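Grab a pencil and open the viewer. Below are some exercises, each with a worked solution to check yourself against.

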Amino acid sequence: MGEKLNIKINDLRENEPILVEHKEKKFVLILHNGKVNALNEECTHEKGPLEQGYIDGDELICPWHSGAFNVETGKANENTTWVTDTKHYSIKEIDGELYIEL
Ligand code: FES
């Protein structure tokens with residue numbers, strides 16, 4: 001089932017990234033098309049804060065140098081060659097509570 005996060009689905013707004021800390025790790029959570037996704041919070045380029053990024057289509061754009069990551073897979077856009085893929089974590093929602101698979 002995963003580990004329970006200190007945030008509920010009602011705390012999220014569609015396409016508004018949010019920072020979540022769990023067990024000394026930082027994640028960026030994104031509600032996208034009604035589904036919750038989690039990526040590592042630090043950009044794979046120079047550790048930009050991805051929770052300050054924005055959504056463009058299906059991608060999260062880093063606020064520092066515009067590296068692009070697919071929200072649902074963590075895969076880097078091949079046109080933004082300065083970033084590499086980041087980790088995507090599965091999130092389950094049960095009765096409004098969110099659980100992360102680490
Ligand atoms: S730190 Fe994210 S693109 Fe450079």
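**Exercise 1.** Find what Val 28 is in contact with, leaving aside its neighbours within four places in sequence.

*Solution.* Start with the cut-off: two residues are in contact if their C-beta atoms, placed from the backbone, lie within 7 Å. Going through the chain, you get Pro 17, Leu 19, Ala 38, Leu 39, Glu 41, Leu 50 and Glu 51 for Val 28, with neighbours within four places left out.

Before you go on, a word on the model. It is a predicted one, where local features need pLDDT of at least 70 and side-chain atom pairs count only at pLDDT 80 or more, while totals for chains, interfaces and linings use all residues. Residues are numbered from 1 along each chain as its sequence is written.

**Exercise 2.** Work out which residues of the largest nonpolar core touch the most other members, and which element gives the largest share.

*Solution.* First, the terms. A residue is buried if 20 or more other C-beta atoms lie within 10 Å of its own, exposed if 12 or fewer, and partly exposed in between, with C-beta atoms placed from the backbone. A nonpolar core is a set of buried Ala, Val, Leu, Ile, Met, Phe, Trp, Tyr and Cys residues joined through C-beta atoms within 7 Å. Next, the members: this core has 20 residues, and Val 28, Leu 29, Ala 38 and Leu 39 touch the most others. Then sort by element: β3 (25-32), β4, β7 and β9 each give two or more residues. The largest share is five residues, from β3. As background, in soluble globular proteins nonpolar side chains tend to be buried together.

**Exercise 3.** Count the helices and strands, then decide how compact the chain is.

*Solution.* Helices (H or I, at least four residues) and strands (E, at least two) are DSSP runs, numbered from the N terminus. The count comes to zero helices and nine strands. Now the size: the radius of gyration (taken over C-alpha atoms) is 13 Å, close to the 13 Å that the globule rule gives for 102 residues, so the chain is as compact as a globular protein of that length. That rule is 2.2 Å times the number of residues to the power 0.38. Along the principal axes, the C-alpha atoms fill a box of roughly 40 × 25 × 20 Å. Finally, 29% of the 102 residues count as buried.

**Exercise 4.** Take the sheet of β5, β6 and β7: what is the strand order, and which strands are at the edges?

*Solution.* Two strands pair if DSSP finds at least two bridges between them. By that test, three strands form an open antiparallel sheet in the order β5-β6-β7. The edge strands, each pairing on one side only, are β5 (54-56) and β7 (68-70). Three bridges join β6 (residues 59-61) to β7, and Glu 59 has Asn 70 as its bridge partner in β7.

Now zoom in on Ala 68, which lies in β7. Ala 68 counts as buried because there are 20 C-beta neighbours inside 10 Å. Its contacts beyond four places in sequence are Glu 59, Ile 61, Ala 76, Asn 77 and Thr 80.

**Exercise 5.** Is strand β1 largely in the open or buried, and what pairs with β1?

*Solution.* Of the six residues of β1 (residues 3-8), zero are buried, so this strand lies largely in the open. The partner is β9, antiparallel over three bridges, with Lys 8 opposite Glu 97. Also in β9 (residues 97-100) sits Tyr 99, which is partly exposed because 15 other C-beta atoms lie within 10 Å. The C-alpha atoms of Tyr 99 and Leu 5 are separated by 5.8 Å, although the two residues are 94 apart along the chain.

**Exercise 6.** Which loops hold Lys 47 and Ser 66, and what sign does phi have at each?

*Solution.* Recall that most residues other than glycine have a negative phi. Lys 47, in the loop between β4 (35-40) and β5, has a positive phi of about 65°. Ser 66, in the loop between β6 and β7, also has a positive phi of about 65°. Check the surroundings too: Lys 47 is exposed, with 12 other C-beta atoms within 10 Å, whereas Ser 66 is partly exposed, with 16.
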